[in-house]
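Student: I have a structure to look at and some questions about it. Can we go through them one at a time?

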Amino acid sequence: EPEAAKPGLLGRLFGGGGAAVEEPRRLVDDAMLESLEEVLIQTDMGVETSMRVTANIAEGRFGKRISTRELKAALAGEVARIMEPVARPLPIYPKRPQVVLVVGVNGSGKTTTIGKLASQFKAAGKSVVIAAGDTFRAAAVEQLQVWGQRAGVPVLTAPEGSDPASLAFDALTQAQAQGADLLLIDTAGRLQNRQDLMEELAKIVRVIRKVDATAPHNTLLVLDATTGQNALSQVEIFRKIADVTGLVMTKLDGTAKGGVLVALADRFGLPIHAIGVGEQIDDLAPFDPEDFAKALVG
Ligand code: GDP
């Protein structure tokens, strides 16, 4: 069971029912700030970011009384301010096809996200091709084929265990010949052997650049928001392996740990192109900093 259907942790801990007629006004003192900081850390915002947000809240308010509503509004404002610069939709390049390499550990929601992205772009009138680049995971290839069917998008596959770079090369050549707008390339997510994965991704990039020297145009890292602080180390690892240009945060529908997005934005400043809010094909939403901040604060 997820901790909460929606990340309203602050609301619960500060007892903000919302409809209270006479709200208690809390004194902004060290004890209050300490518990605030603790609550922020519990949302996986990270110690550093939580401390800074708390310090910003304290500024101009220390020694005064504040209502729950005012506190929430101030917090939401702080969070939104951190998140605004990273809320960016996937940039669209005039290049055809635009090549999007999708990376991330197994289970993060890569396959699902590719299906959702394909469906969105298809609905927007773009022609999309998917390459099932995780050739070592038969289940992933099958899963991707199911998503491709749902989205009405062709999925190019290769025999199990064959070279993903060669599939990527063929896929790009084919997508180019067809005049496709977008090529989404799935990749393996086996972090157990980082060196192998690094070489595999590097080879995919090297090979597709023979077809288009500007490819890949985006390298999306898919992160599971419910993994909390783990997401931070995954960014660090994948940034060493691939030239990550943006993030998709999945499973934001079932977590009280959404604060990790704040930590990510604060630490890496990578754009968050979209968020996964469910398992269905339409459950991919643009990242809206104000909605997110309000939901997190509760
Ligand atoms: P992959 O191994 O990275 O390709 O991950 P999958 O795409 O197979 O997803 C792993 C699991 O997470 C599946 O059960 C998906 O249905 C689920 N999943 C993916 N994205 C989301 C999301 O945004 N919300 C929820 N609730 N589940 C998701």
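Student: Which helix gives the largest share of the shell around the ligand?
Tutor: This is a predicted model. Four residues of the shell around the ligand come from one helix, and that is the largest share. The helix covers residues 110-123 and is α5.

Student: How do the residues of the shell divide into nonpolar, polar and charged?
Tutor: Gly counts as polar here. On that basis, two residues of the shell around the ligand are nonpolar. The others divide into nine polar and six charged.

Student: Which of the 17 residues around the ligand come nearest?
Tutor: A residue is placed around the ligand if one of its heavy atoms lies within 4 Å of it. Of the 17 residues, five come nearest: G107, T111, T112, D253 and E279.

Student: How far is an oxygen atom of the ligand from an N or O atom in the side chain of T112?
Tutor: Polar contacts are pairs of N or O atoms within 3.5 Å. A backbone N or O atom of G107 lies 2.6 Å from a ligand oxygen, and a polar backbone atom of S108 is 3.2 Å from a ligand oxygen. For T112 the contact is made by the side chain, and the distance to an oxygen atom of the ligand is 2.5 Å.

Student: What percentage of the ligand's accessible area does the protein cover?
Tutor: On its own, the ligand has 580 Å² of accessible area. The part of this that the protein covers is 78%.

Student: Why is strand β9 largely enclosed by the rest of the structure?
Tutor: A residue is buried if its relative accessible area is under 20%. Strand β9 is residues 272-276, and it is largely enclosed because five of its five residues are buried.

Student: Which residue in β9 is the bridge partner of V248?
Tutor: Strand β8, residues 246-250, pairs with β9 in the parallel sense over three bridges. In β9, the partner of V248 is A274.

Student: Which residue in β10 is the bridge partner of G276?
Tutor: Strand β10, residues 284-285, is joined to β9 by two bridges, and these strands run antiparallel. In β10, the partner of G276 is L284.

Student: How many of the nine residues of α10 are buried?
Tutor: Helix α10, residues 260-268, makes a right-handed β-α-β unit with β8 and β9. Its buried residues are V260, L261, V262, A263, L264, A265 and F268. The helix is mostly covered, and the number buried is seven.

Student: Which residue with a positive phi follows α10?
Tutor: The phi of this residue is near 65 degrees. The residue is G269.

Note on methods
Residues are numbered from 1 along each chain as its sequence is written. This is a predicted model: local features need pLDDT of at least 70, side-chain atom pairs count only at pLDDT 80 or more; totals for chains, interfaces and linings use all residues. Side-chain values use heavy atoms; hydrogens and water are left out. Buried means under 20% relative accessible area, exposed over 50%, partly exposed in between (1.4 Å probe, protein chains only). Two strands pair if DSSP finds at least two bridges between them. A crossover is right-handed if, with the strands pointing away from the viewer, the path from the first strand over the helix to the second runs clockwise. A polar contact is a pair of N or O atoms within 3.5 Å; within protein, one must be able to donate a hydrogen and the other to accept it, and residues adjacent in sequence count only if both atoms are side-chain atoms. Accessible areas come from the Shrake-Rupley method with a 1.4 Å probe; for residues, only the protein chains shown count as cover.
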